[in-house]
Amino acid sequence: TLGCYNGVRFQATNAEEVEDVKRWISSSADVVEVPNLGRKLSASVPPRREKEPGELGLVSVARIAVEKNTLFAIERLKDLVGAITLDLYGPIYDQAYWQRCEQAIAALPSNVKVNYKGVIDPERVPALFSDYHALFMPSQGENFGHTMAEALAAGLPLLISDRTPWKGLEKQDAGWDLPLDQEGLFARTIERLVHADQLQYDRWSNGAFAMGKRYLSDPATVERSFALFTR
């Protein structure tokens, strides 16, 4: 109303953000859709991960907060069989929420271990992914999801919600993007990961790596980023 955004150009990372800006700022706002840039791909092949049926290592790299759905992730492990580990990396934003997470962790069966690992330097994240079988982050929404892009680039399959730009994962053997209202589907997918053998897991890992490579090697994103500032 006061014209504070006159002459401002907005970057939106997807079509939904474009609509949000036009809805809340102005229908005539100057909005350019340019996806975020991910970390440059360094490996030519995904790291080799050993996968035995009955064992599964999951990781989450995100702040411990309601919008990241940490509690939802923990509760999906409560009725599963197999030796399952979920390591959580990231700052605790809400102590009351974390206390609920700790209560859910305490109620898990002895075959499921959830460990809080604290905050990790972003530069160490790509190397960290070689120690796990899947990234488990059923967040309530991501405009891009840098951690997800880096996981794919490391050949780490994703188990996430359908509220991120990373969609159609299962068709590309790169993971699963599932609706949050289907809690049982998350549990069944984790069971599938638990029971997977090396051959099956390698297919998912290679699919994740191929998807990450396609995105991070696409020159269009860099070109559109330059164009955003040179228009």
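# Salt bridges, a buried helix and a surface patch

Colleague: Happy to look at this with you! Which residue does Glu170 meet in a salt bridge?

Modeller: In this predicted model, the side chains of Glu170 and another residue come to 3.2 Å, N to O. Glu170 sits in the loop between β7 and β8 (175-178), and its partner is in helix α6 (residues 183-195), 22 residues apart. The partner is Arg192.

Colleague: Is Arg192 buried, partly exposed or exposed?

Modeller: Glu170, on the other side of the pair, has a relative accessible area of 43% and is partly exposed. The range between buried and exposed runs from 20% to 50%. Arg192 has 38% relative accessibility, so Arg192 counts as partly exposed.

Colleague: Thanks! Which residue pairs with Glu142 in a salt bridge?

Modeller: The closest N and O atoms of this pair are 2.6 Å apart. The bridge links distant parts of the chain, from Glu142 in the loop between β6 and α5 to a residue in the loop between β3 and α2 (70-75), 74 residues apart. That residue is Lys68.

Colleague: And are Glu142 and Lys68 buried or exposed?

Modeller: The cut-off to keep in mind is that buried means under 20% relative accessible area. Glu142 has 15%, so Glu142 falls below it. Lys68 has 14%, so Lys68 is likewise buried. For Glu142 and for Lys68, the word is buried.

Colleague: How many salt bridges does the structure hold, and which residues are joined into one network by shared partners?

Modeller: One of the bridges is between Glu50 and Arg48, with the closest N and O atoms 3.7 Å apart. Both Glu50 and Arg48 are exposed. The total for the structure is nine salt bridges, and the network joined by shared partners is Arg48, Glu50 and Asp202.

Colleague: Let's turn to the helices. At what angle do α5 and α7 pack?

Modeller: Helix α5 covers residues 146-153 and helix α7 covers residues 198-216, with their axes 6 Å apart. On the α5 side, the contact is made by Ala149, Leu152 and Ala153; on the α7 side, by Ala208, Phe209, Met211, Gly212 and Leu216. These residues divide into seven nonpolar, one polar and no charged. The packing angle is about 120°.

Colleague: Why can α5 be called largely enclosed by the rest of the structure, and which elements are included in its cover?

Modeller: Seven of the eight residues of α5 are buried, so the helix is largely enclosed. The buried ones are Thr147, Met148, Ala149, Glu150, Ala151, Leu152 and Ala153. The cover over them includes β3 (55-61), α4 (125-128), β6 (134-137), β7 (158-161) and α7.

Colleague: Which residue with a positive phi follows α5?

Modeller: Here the backbone itself is the clue: the phi of the residue is near 75°. The residue following α5 is Gly155.

Colleague: How far apart in space are Ala210 and Ala151?

Modeller: Ala210 belongs to helix α7, and its relative accessible area of 29% makes it partly exposed. Ala151, by contrast, is among the buried residues of α5. The two are 59 residues apart in sequence, and C-alpha to C-alpha they are separated by 11 Å.

Colleague: One last stop: which residues form the nonpolar patch on the surface?

Modeller: Val8 is a good place to start, in the segment before β1 (9-12). Val8 has 32% relative accessibility, so it counts as partly exposed. The patch has about 440 Å² of accessible area together, and its members are Tyr5, Val8, Trp24 and Ile25.

Definitions and conventions. Residues are numbered from 1 along each chain as its sequence is written. This is a predicted model: local features need pLDDT of at least 70, side-chain atom pairs count only at pLDDT 80 or more; totals for chains, interfaces and linings use all residues. Side-chain values use heavy atoms; hydrogens and water are left out. Axes are lines fitted to C-alpha atoms, for helices over the stretch in contact, and angles run from 0 to 180 degrees between N-to-C directions. Helices (H or I, at least four residues) and strands (E, at least two) are DSSP runs, numbered from the N terminus. Contact means heavy atoms within 4.5 Å. Ala, Val, Leu, Ile, Met, Phe, Trp, Tyr, Cys and Pro count as nonpolar, Asp, Glu, Lys and Arg as charged, and the others, Gly among them, as polar. Buried means under 20% relative accessible area, exposed over 50%, partly exposed in between (1.4 Å probe, protein chains only). Patches are made of residues with over 30% relative accessible area and no salt bridge: like charges are joined within 9 Å, nonpolar side chains (Val, Leu, Ile, Met, Phe, Trp, Tyr) within 5 Å. Accessible areas come from the Shrake-Rupley method with a 1.4 Å probe; for residues, only the protein chains shown count as cover. A salt bridge is a side-chain nitrogen of Lys or Arg within 4 Å of a carboxyl oxygen of Asp or Glu.
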